[in-house]
Amino acid sequence: MKQSPLHQRHLEEGGKLVPFAGWEMPIQYAGIVAEHNAVRDAVGVFDISHMGEILVSGEGAEEGLNRVLTNQVSRLSDGEGQYTLMLQENGGVIDDLILYRLAEDSFFLVVNASRVEEDYEWLTKHLGGDIEVRNESDAWGALAVQGPGTGDLWEKISPSVSLPERNGILRPREDLILCRTGYTGEDGFELFAPAAQIESWWDRIREAGATACGLGARDTLRLEKGYPLNGNDLDRIHTPLEAGLGFFVDLEKDGGFIGSEKLIEQKASGPTHRLVALRMTKKGPPPRHGYEVRDETGEISIGTLSSGSLSPILGQGIGMAYLETRYAKVGTSLSLMIRDRRYPIEVIKKPFC
Amino acid sequence: MNVPDDLRYSESHEWLRLSDDGTGVMGISDHAQAELTDVVYLELPEIGRSVAKGEAIAVIESVKAANDIFSPVSGEVVEVNEGLAEAPEPVNEDPYGAGWMIKIKLSDPAEVDSLLNAESYRERLA
């Protein structure tokens, strides 16, 4: 099990450590609900050192990445970033990631912890020989600072360096990368620094007033916004079109990308399934990954939750599931099975709140 | 952690307060509530249900996980703390008082002797 460069801090802060994607990471400190609310109302800081950092550079990098990723890389100028996906030939998702353009033919990719090795091998295999792919995941520690208080907090810590614009990247010096992105739906940034320096960044950000937040709150925060989690809501079977991520897929790209043929075909015939947002309409136990979804009568099994949780903001159970399109219409009444009991749920529009 | 002297405890962190009338009230320990944090849902048993010592009697859910609660003794459920179904916060705030969960009429009061006393339970937590 890998340990974060912030391991000692997590122990000192009373973090409850759990295994996650091969890492020992804090699921919570004071409590998920308090951490969740801190991010919605003020500002929180998450250790995201488990996430992967891959650098791709060399002549033809842009063109090469356009063949391997779904979004239009050429739309990026220096210092800009975009959400994008890496697909198998069948259109299933290997990973979802953020791609930043540092300079011409020089890109920084932030990928999921569980997919670092696979992404690296896939990129190496599918990008030409002149393009350098470097997995720098072990060298970097990373923090996500999230919440409406982000700007004020950064002002206190580093008034001489401004944060980049939304979705942008800034490398003010060799040992610091700032990205104005996140996974909570709030303003925020991700900070990358050499693993040996990340403790001091954590301390400065904590002293400036950010609440220490764990992966539990990260999960409830992203789910309230309807953001998918790879391995739960994204998988090898379903395509980004079924996942409702068509906005991040450019099917008009010259020459296409790996998986594009399958997606064009699917778009023409119409996807048979969609990842829908579901909300419990009455009080009940929190929905969880793997719970069975049935039709309104409770007689026909139609799918399972890919993600589920109590929403701390709504005080209601929420979840997502891949369902046949005939059940995917907003307002459709369905049932969720929890310990052999049937609870009413309905299809709603994302985000949940 | 608060471990009141007058209660008995199970290895799985439930407590039992015995009355002279042969009933016992149970809940979960301060340690258990602190480990769970943020109790958001509690599923309590039906009145009249018979339970065996060690049997799953209730389900407690935090934001992150669902956990079983086990009966520390055998007997019949005679009362449950209904209010917790609507608002489970007392389980975190007052686990030995307002956070009590289930009243059981013991079928074999001798089973109580097999539960931990406060001192032994404190040692388990140490």
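Two strands pair if DSSP finds at least two bridges between them, and strands (E, at least two residues) and helices (H or I, at least four) are DSSP runs numbered from the N terminus. The legends below use these terms throughout.

This is a predicted model, in which local features need pLDDT of at least 70 and side-chain atom pairs count only at pLDDT 80 or more, while totals for chains, interfaces and linings use all residues. Residues are numbered from 1 along each chain as its sequence is written, chains are lettered from A and ligands numbered from 1 in the order in which they are written, and side-chain values use heavy atoms, with hydrogens and water left out.

**View 1. The open sheet of chain B has six strands.**
Here the strand order is 1-2-3-9-8-5, with antiparallel pairing. Strand 1 (8–9) and strand 5 (50–51) of chain B stand at the edges with a single partner strand each, so one side of each has no neighbour in the sheet. Further in, strand 3 (residues 23–28) and strand 9 (residues 102–106) of chain B run antiparallel and are joined by four bridges. To find your way along this pair, start from G24(B), whose bridge partner in strand 9 of chain B is I104(B).

**View 2. Strand 6 of chain B pairs with strand 4 and with strand 7 of chain B.**
Strand 6 of chain B covers residues 56–62, and six of its seven residues are buried; buried means under 20% relative accessible area, exposed over 50%, and partly exposed in between (1.4 Å probe, protein chains only). Four bridges link strand 6 of chain B to strand 4 (residues 39–43) of chain B in the antiparallel sense. With strand 7 (residues 66–70) of chain B, the pairing is antiparallel over five bridges, and the two strands form a hairpin with three residues between them. V59(B) is a handy landmark: E43(B) stands opposite V59(B), and D68(B) is the bridge partner of V59(B) in strand 7 of chain B.

**View 3. Chain A is shown whole, with eight helices and 20 strands.**
The C-alpha trace of chain A spans about 60 × 50 × 35 Å along its principal axes. Its radius of gyration of 20 Å agrees with the value near 20 Å for a compact globule of 353 residues (taken over C-alpha atoms; the globule rule is 2.2 Å times the number of residues to the power 0.38). Buried residues make up 58% of chain A. Among contacts (heavy atoms within 4.5 Å) with a separation of 6 or more, 66% in chain A join residues 24 or more positions apart. The accessible surface of chain A is about 14,500 Å², with 47% belonging to carbon and sulfur atoms (Shrake-Rupley method with a 1.4 Å probe; for residues, only the protein chains shown count as cover).

**View 4. Strand 10 of chain A is buried along its seven residues.**
This strand runs through residues 140–146. In a regular strand the side chains alternate between the two faces of the sheet. Here W140(A), A142(A), A144(A) and Q146(A) point one way, G141(A), L143(A) and V145(A) the other way, and all are buried. Strand 4 (residues 44–47) of chain A pairs with strand 10 of chain A in the antiparallel sense over four bridges, while strand 13 (residues 188–194) of chain A pairs with strand 10 antiparallel over seven bridges. Q146(A) is a good place to zoom in: it is the bridge partner of G44(A), and G188(A) in strand 13 of chain A is the bridge partner of Q146(A).

**View 5. Helix 3 of chain A is mostly covered.**
Six of the eight residues in this helix (residues 61–68) are buried, namely A61(A), E62(A), G64(A), L65(A), N66(A) and V68(A). These buried residues pack against strand 5 (52–57), strand 6 (81–87), strand 7 (93–103), strand 8 (106–111) and helix 4 (116–126) of chain A.

**View 6. L55(A) sits in strand 5 of chain A.**
L55(A) counts as buried, at 10% relative accessibility. Leaving out residues up to four places away in sequence, L55(A) touches L102(A), F107(A), F108(A), E132(A), V133(A), R134(A) and E136(A).

**View 7. V33(A), in helix 2 of chain A, is partly exposed.**
Helix 2 of chain A spans residues 32–41, and V33(A) has a relative accessible area of 22%. Not counting residues up to four places away in sequence, V33(A) touches P312(A), D38(B) and V63(B). V33(A) and G216(A) are 183 residues apart in sequence, with 9.0 Å between their C-alpha atoms.
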